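Q: I would like to take a close look at the inside of this model, one step at a time. Could you guide me through it in plain words?

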Amino acid sequence: MRVATTHPPAPLQRGILPAHSADDGQPRIASIGPLSLETGGELPEVQLAYETWGELDRDASNAVLVLHALTGSAHVARGATAEEGWWDALVGPGRTVDTDRYFVVSINMLGGCYGSTGPASPAPDGAPWGSRFPFVTIRDAVRAEALLADELGIAAWHSVLGGSMGGARALEWACTFPERVRRCAVIACTAASSAEQIAFAQAQVQAIRLDPAFRDGDYYDAPHPEAGLGLARRIAHITYRSEQEFDARFGRSGQGRERPFGAVLPVHRGRYRVESYLDHQASKLADRFDANSYVILTEALMSHDVERERGSLANALAVTEAEFFIAAVDTDRLYLPEQSRRLAAALPGSVPVHRISSPLGHDAFLTEIHQLDPALRAAFFGW
């Protein structure tokens, strides 16, 4: 395995990885070779970006895989640097996923733009893949992650956890590689993307594709389609939050001295505060994310369906060997709690649905994850 980091890496050996004092949260790149894809395409040389925290036991029994959501990265927690991670409340020394006990791995999904092979990566001819990048599925991403696990000497995960798109990957791990997942946490996600979730996603993808700057995905030598990506983020962010949060936080107030009511011409109308908030979210994402990757990952999530080629949901889940932990956000209007209950009911045995109670909506799986600490510790991390 060829590994690159921002600092010279310590030697990696199969089954024995560096102590966490200097290496936690350091970006690494692993080459896993060629990958044939579910729909028939192929990537001739795949790299996956990943980060690790803690130390792998000699029998590799303490490895935990934590999987990110749509626009996330592998940086799940703080490490050798003080850079904030997206699940710091869950992962770290003394946290529920205690990096003094567990070896935590987080992988940037195939097709992403934080180091893994994606549309902005060079194709064999040296130019960016762009419009030539093939369609990938959640199942493809999991198969790639399994190849990385092989390289790291991890035959089976102590547990696999993820929220939103990360939850889709966690569930697919348990169904595709049942012998490699001992425990599986699926948070704010479902067994398959619903028609409504696909509809929201399609609007986002079209917002990007209809931006003239998109150029069918071949824009890397020109201005990027920031307007389309920003509009996609606005659409998405509305689904990530709840009506009650928007009302309580913004109401009908204008932004600062702007006047949203009373202008003679629409072009001169000021913004409501909620409009300014969405503009801010759009700008933040456009500054850090690649529009092609947004399309690739969104369409991968649209394809999420653990039943595909497995006969039925019951058949798909019957092969799993993991203990399951299912959780939902009570105000989630993107991944409805009822969908989590249907997933839990289809799993073998009796699996409860744990609740995150928050006015924030879907994003509470990130901001309020601490609510699950007692239940997760009892279920997965009690030793």
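**A walk through the interior**

A: W173 and F177 are both buried. That makes a good starting point, but please keep in mind that everything here comes from a predicted model.

Let us follow the aromatic rings first. The model contains 15 aromatic pairs. One of them joins W129 and F133: the ring centres are 6.0 Å apart and the planes meet at 90°, so this pair is edge-to-face. To see why, remember that planes over 60 degrees apart count as edge-to-face. Both partners are also tucked away from the surface. W129 has a relative accessibility of 12% and therefore counts as buried, because the cut-off for that word is under 20%. F133 is buried too, with a relative accessible area of 6%.

Now come back to our two starting residues. W173 and F177 make an aromatic pair as well, with 5.3 Å from centre to centre and 50° between the planes, an arrangement called tilted. F177 has a charged companion in addition to its aromatic one: the charged end of R180 sits over the F177 ring, 6.0 Å from the ring centre. So far we have met rings in twos, but they can also gather in groups. Y102, F325, F380 and F381 make up one aromatic cluster.

From rings we can turn to open space. The largest pocket has a volume of about 930 Å³. It is lined by 40 residues, and those closest to its centre are T71, R233, R288, D363 and L366. Several helices take part in this lining: α4 (195–209), α5 (226–240), α7 (273–288), α8 (291–302) and α11 (364–367) each give at least two residues to it. If you sort the lining by class, you find 17 nonpolar, 16 polar and 7 charged residues.

The second largest pocket holds about 240 Å³ of space. Its lining has 16 residues, and P27, E51, S73, H75 and Y114 are the closest to the pocket's centre. Strands appear here: β2 (28–36) and β3 (42–53) are the elements that supply two or more residues to this lining. Of the elements, β3 contributes the most, with 3 residues. By class, the lining of the second largest pocket divides into 6 nonpolar, 7 polar and 3 charged residues.

One helix from the largest pocket deserves a longer visit, namely α8. With 12 residues at 1.5 Å a residue, α8 should span 16 Å, and its end C-alpha atoms are indeed 16 Å apart, so the two values agree. How many of the residues of α8 are buried? The count is 11 of the 12, so α8 is largely enclosed by the rest of the structure. The buried residues of α8 are A291, N292, S293, Y294, V295, I296, L297, T298, E299, A300 and L301.

For another helix, look at α2. Its 14 residues reach 20 Å from the first C-alpha to the last, close to the 20 Å expected at 1.5 Å a residue. In α2, 10 of the 14 residues are buried, so this helix too is largely enclosed by the rest of the structure. Among those buried residues are I138, D140, A141, V142 and L148. R139 also belongs to α2, which covers residues 138–151, and R139 counts as buried because its relative accessibility is 10%. You can use R139 to get a feel for distances: R139 and S358 are 219 residues apart in sequence and 31 Å apart in space, C-alpha to C-alpha.

To finish, here are two loop residues to compare with the buried ones. R215 lies in the loop between α4 and α5. Its phi is positive, at about 55°, although R215 is not a glycine. With a relative accessible area of 40%, R215 is partly exposed. E309 is in the loop between α8 and α9 (313–318), and its phi is near 65°, again a positive value in a residue other than glycine. Is E309 buried or exposed? Its relative accessible area is 75%, so E309 is exposed, since that word applies to values over 50%.

Terms used. Residues numbered from 1 in each chain as written. Predicted model: local features only at pLDDT ≥ 70, side-chain atom pairs only at ≥ 80, totals over all residues. Heavy atoms only, no water. Phe/Tyr/Trp six-rings, centres within 6.5 Å; stacked < 30°, edge-to-face > 60°. Buried < 20%, exposed > 50% of the residue type's maximum accessible area, 1.4 Å probe, protein only. Lys NZ or Arg CZ within 6 Å of the ring centre and 35° of its normal. 1 Å grid on protein atoms, 1.4 Å probe; cavity = no way out; pocket = protein on both sides within 12 Å on 5 of 7 lines; lining within 4 Å. Points joined across faces, edges and corners; volume = space filled by probe spheres on them. Helix = DSSP H or I, 4+ residues; strand = E, 2+ residues; numbered from the N terminus. Nonpolar A, V, L, I, M, F, W, Y, C, P; charged D, E, K, R; others polar. Expected span 1.5 Å × (residues − 1).
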